[in-house]
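Reader: Please take a close look at one part of this model, the charged pairs around one helix, and then follow the chain from there towards the interior. I would like a careful account that keeps each residue in its place.

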Amino acid sequence: FGETGAIWKAVGSRIDPSRCRYGTQMVEVDAEAKKAKFSDGTEESYDFLISTVSLDLFLGMCRNIPLPSNLSYSQEEQENVRKGVRFATTHVIGIGMKGQPPPHLKTKAWMYFPEDDVPFYRSTVLSNYSSDMVPSSGGPFWSLMFEVSQSEDKPLDASRVVEDVIEGAKSAELIPQNAEIVSRHHMTFERGYPV
């Protein structure tokens, strides 16, 4: 399977390292002047700006957005647009188990679950990506990663999400009923995906 990070390393190798900045955050964009300001007080000019900042946060950073002459938005109207941008929170749940994955999962990478009877929309057999995803001693071990969406339209009880995922994974035959679960990990990304 290789490692997913190899994709981003290959992309990153095509970018001039002098164009990358670490240890500071973009805090303001003057769209008319084409300047980005950073938390360390520095500024950078740009011709084109590509940002991975969540759209609602990015719009909150932008000033002096040039508009066609027939359009005009006050700062208050721009703020209302920013507040209207919606996103879904993503819960990432990792489950580590003793033993080997069941035969039907030994060659799987990731799987999608559009059904309503499981709380997750995607599952990844993480240990198939790299042996570094499980401990090397005391095993064998294998692991699954699950992604669960939460939004105004799809509320969930975050205190139960790990148990709900385990129950759903057992009903979907991803986790055997008698599996020895040795680790559970839960991370939350408030702005997982735009809606």
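**From a charged pair to the core**

Author: Arg 184 and Glu 163 form a salt bridge in which the closest N and O atoms are 2.4 Å apart. This pair links distant parts of the chain, since Arg 184 lies in strand β9 (residues 181-194) and Glu 163 in helix α4, 21 residues apart. The model is a predicted one, and the distances given here should be read as computed from it. Arg 184 counts as partly exposed because its relative accessibility is 45%, and Glu 163 is likewise classed as partly exposed because its value is 33%. Elsewhere, salt bridges that share partners join Asp 56, Glu 190 and Arg 191 into one network.

Another salt bridge brings together the side chains of Arg 160 and Glu 167, with 3.3 Å from N to O. Arg 160 has a relative accessibility of 34% and therefore counts as partly exposed, and Glu 167, at 48%, is also partly exposed. The count of salt bridges in the model comes to nine. One of them joins Arg 86 to Asp 153, with the closest N and O atoms 2.7 Å apart; here too the pair links distant parts of the chain, with Arg 86 in the loop between α3 (75-84) and β5, and Asp 153 in the loop between β8 and α4, 67 residues apart. The two partners fall into separate classes of accessibility: Arg 86 is partly exposed at 32%, whereas Asp 153, at 59%, is exposed.

Turning to the interior, the largest nonpolar core holds 20 residues, of which Ile 93, Ile 95, Phe 120, Leu 144, Phe 146 and Leu 174 touch the most other members. Strand β5 (87-98), strand β8 (141-150) and helix α4 (161-171) are the elements that give two or more residues to this core, and the largest share, five residues, comes from α4. The helix that carries Glu 163 is thus also the one that gives this core its largest share.

Ile 93 shows how these elements come together: leaving aside neighbours within four places in sequence, Ile 93 is in contact with Leu 144, Met 145, Phe 146, Val 148, Val 161, Val 162, Val 165, His 185 and His 186. Apart from this core lies another, of nine residues, among them Met 26, Val 29, Ala 36 and Tyr 46.

Strand β5 also holds His 91, which counts as buried because its relative accessibility is 2%, under the 20% that sets the limit for buried residues. Its side chain is in polar contact with the side chain of Gln 150 at 2.5 Å and with that of His 186 at 2.8 Å. Beyond neighbours within four places in sequence, the residues in contact with His 91 include Phe 146, Glu 147, Val 148, Leu 156, Ala 158 and Val 161, as well as Met 187 and Thr 188. His 186 is therefore a residue in contact with both Ile 93 and His 91.

For contrast with the buried interior, a nonpolar patch on the surface is formed by Ile 7, Trp 8, Val 11 and Ile 15, which together have about 410 Å² of accessible area. Val 11 lies in helix α1 (residues 5-12) and counts as partly exposed because its relative accessibility is 41%.

Definitions and conventions:
Residues are numbered from 1 along each chain as its sequence is written. This is a predicted model: local features need pLDDT of at least 70, side-chain atom pairs count only at pLDDT 80 or more; totals for chains, interfaces and linings use all residues. Side-chain values use heavy atoms; hydrogens and water are left out. Patches are made of residues with over 30% relative accessible area and no salt bridge: like charges are joined within 9 Å, nonpolar side chains (Val, Leu, Ile, Met, Phe, Trp, Tyr) within 5 Å. Accessible areas come from the Shrake-Rupley method with a 1.4 Å probe; for residues, only the protein chains shown count as cover. A salt bridge is a side-chain nitrogen of Lys or Arg within 4 Å of a carboxyl oxygen of Asp or Glu. Helices (H or I, at least four residues) and strands (E, at least two) are DSSP runs, numbered from the N terminus. Buried means under 20% relative accessible area, exposed over 50%, partly exposed in between (1.4 Å probe, protein chains only). A nonpolar core is a set of buried Ala, Val, Leu, Ile, Met, Phe, Trp, Tyr and Cys residues joined through side-chain atoms within 4.5 Å. Contact means heavy atoms within 4.5 Å. A polar contact is a pair of N or O atoms within 3.5 Å; within protein, one must be able to donate a hydrogen and the other to accept it, and residues adjacent in sequence count only if both atoms are side-chain atoms.
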